[in-house]
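Colleague: Hello! Could you walk me through this model, step by step, as someone who has not seen it before?

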Amino acid sequence: RCMTPLGNMLTAAIARDGPLPVDRYMALCLDHPEHGYYRRGDPLGARGDFITAPEISQIFGELIGLWAAEIWAGMGRPRPVHLVELGPGHGTLMADTLRAVEQAAPDFRAALRLHLVEISRKLRARQHHNLARARPVWHETFASVPDGPAIVLANEFFDALPIRQFQRDGSGWRERLIDVDADGRFRSVLGRAVADPPLAPAQRAAPVGAIVEICPDGIALARTLGARVATQGGAALIVDYGPPLSGWGDTLQAVRRHARADPLAAPGLTDLTAHVDFTRLAAAARDSAAVAYGPVPQGTFLHRLGIAARAAILLRSATARQARDIAAGVTRLIAPTEMGTLFKALAIAGSRQPTPPGFDPQPTALEPVHRDT
């Protein structure tokens, strides 16, 4: 049975109003003001449920910092410039970013104004501890970041935005919903037929029985980021996991204590994510007159930014144990069997901005693929 406090609340709501769309279920599980996963605790690190690239190796954040410095130079070195991170976690990525630019690009460091978009009070406290010297300003949403040239970083942020799911049957499309069975367990069910769901063109070719996903909040945010950098200057970097092209497949998943979990069990106690549709994000940004680059595999992106050279520098003064940790961290970030292929980087920039470091000037058109978790 769904015995978490949020599970009981959702069960009562379903009994009263009927099954919940997947995006509503996901939003409540993650962002409920009292019982939401990201509101109630600290999910990151060895003692949490998962670990992200900045905690794996300091090199990740350092390279992102140098990437941002190059973007700033290509913008004409505006003063001030807003450096924004969406979902900063413990502030590890930003701490490494700022350390790198203090050493390599002090003019950029002096020009930037730091803004953090974070809903968790506990994570804000960690961020304050790690980044107090940078005098960050916190925001509940990107919408409240002040106008002006901006460089936006989003590492593993879009995968946690709520998704809708649709399944094709013999007569068309039906939206997947979350219901409760006779034993009190959450389950997926199909709702009424949807005449014209907002799918990508490639997704409409999905076969009978296929499940397709869209992320309305992610598409809207990509459109907002595109409009921002197109009109006010700057760029956004999105690093997350998923295939390079729109496709189909059920990718809703959960993790707890560094292991896979049932996304319909223990609402509010597990992290829920889904594959990012980079094709839709890029299209949304282009709709706002921005230019989208990529996605490119994370391993390729980090190679192009110089991860091997930076690791070699660190190894010169490393102890034997430190050397093993450095090598292991780099392998985890770039190896195809680790994060190197599944994770991708996508850049959104203004039309006058040079091609961002790590990306090809011309994206390649490919065919849609089937997505598996």
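Modeller: Gladly. One definition to begin with: helices (H or I, at least four residues) and strands (E, at least two) are DSSP runs, numbered from the N terminus. Please keep in mind that this is a predicted model.

Colleague: Thanks! With that in hand, where is A266 placed, the residue with a positive phi although it is not a glycine?

Modeller: Phi of A266 is about 50°. A266 belongs to neither of the two strands beside it, β13 (259-261) and β14 (271-273). Its place is the loop between β13 and β14.

Colleague: Is A289 buried or exposed?

Modeller: A289 also has a positive phi, near 75°, and it is a residue other than glycine. It sits in the loop between α10 (278-287) and β15. Exposed means over 50% relative accessible area. A289 has a relative accessibility of 54%, so it counts as exposed.

Colleague: Now the sheet, please. Which strands are at its edges?

Modeller: The sheet is open and has 7 strands with mixed pairing, in the order β4-β3-β2-β5-β10-β16-β15. An edge strand pairs on one side only. That description fits β4 (137-139) and β15 (291-297).

Colleague: In which sense do β10 and β16 pair, and what is the bridge partner of A235?

Modeller: Strand β10 covers residues 234-241 and strand β16 residues 343-349. They pair in the antiparallel sense, over 7 bridges. In β16, the partner of A235 is A349.

Colleague: What angle does helix α5 make with β5?

Modeller: Helix α5 (residues 58-74) packs on the sheet, where it touches β2 (81-86), β5 (150-155), β10 and β16. Another helix, α6 (residues 92-104), lies across β2, β3 (112-117) and β5, at about 150° to β2. For α5 and β5, the angle between the directions is about 155°.

Colleague: Where are the prolines P80 and P295 found, and which residues come before them in the cis peptide bonds?

Modeller: P80 is in the loop between α5 and β2, while P295 is in strand β15. The bond before P80 has omega of about -5°, and the one before P295 has omega near 10°. The partner of P80 is R79, and that of P295 is G294.

Colleague: Are helices α12 and α13 roughly parallel or antiparallel to each other?

Modeller: The axes of α12 (residues 307-316) and α13 (residues 320-334) come within 10 Å and cross at roughly 170°. Angles over 145 degrees count as roughly antiparallel. The two helices are therefore roughly antiparallel.

Colleague: How many residues of that contact are nonpolar?

Modeller: On the α12 side the contact is made by I307, A311, L314 and L315, and on the α13 side by A323, I326, V330, L333 and I334. No polar and no charged residues take part. The nonpolar count is 9.

Colleague: Last topic, the aromatic pairs. How is the pair of W72 and F108 classed?

Modeller: The structure holds 6 aromatic pairs, including the edge-to-face pair of Y37 and Y38, with 5.2 Å between centres and 75° between planes. W72 and F108 have ring centres 5.4 Å apart. Their planes stand at 35°, so this pair is tilted.

Colleague: And how far apart in sequence are the parts that this pair ties together?

Modeller: W72 is buried at 2% relative accessibility, and F108 is buried at 1%. W72 lies in helix α5 and F108 in helix α7 (residues 106-111), so the parts tied together are separated in sequence by 36 residues.

Notes. Residues numbered from 1 in each chain as written. Predicted model: local features only at pLDDT ≥ 70, side-chain atom pairs only at ≥ 80, totals over all residues. Heavy atoms only, no water. Pairing = 2+ DSSP bridges. Contact = heavy atoms within 4.5 Å. Axes fitted to C-alpha atoms, helices over the stretch in contact; angles between N-to-C directions. Buried < 20%, exposed > 50% of the residue type's maximum accessible area, 1.4 Å probe, protein only. Parallel < 35°, antiparallel > 145°, perpendicular 65-115°, else oblique. Nonpolar A, V, L, I, M, F, W, Y, C, P; charged D, E, K, R; others polar. Phe/Tyr/Trp six-rings, centres within 6.5 Å; stacked < 30°, edge-to-face > 60°.
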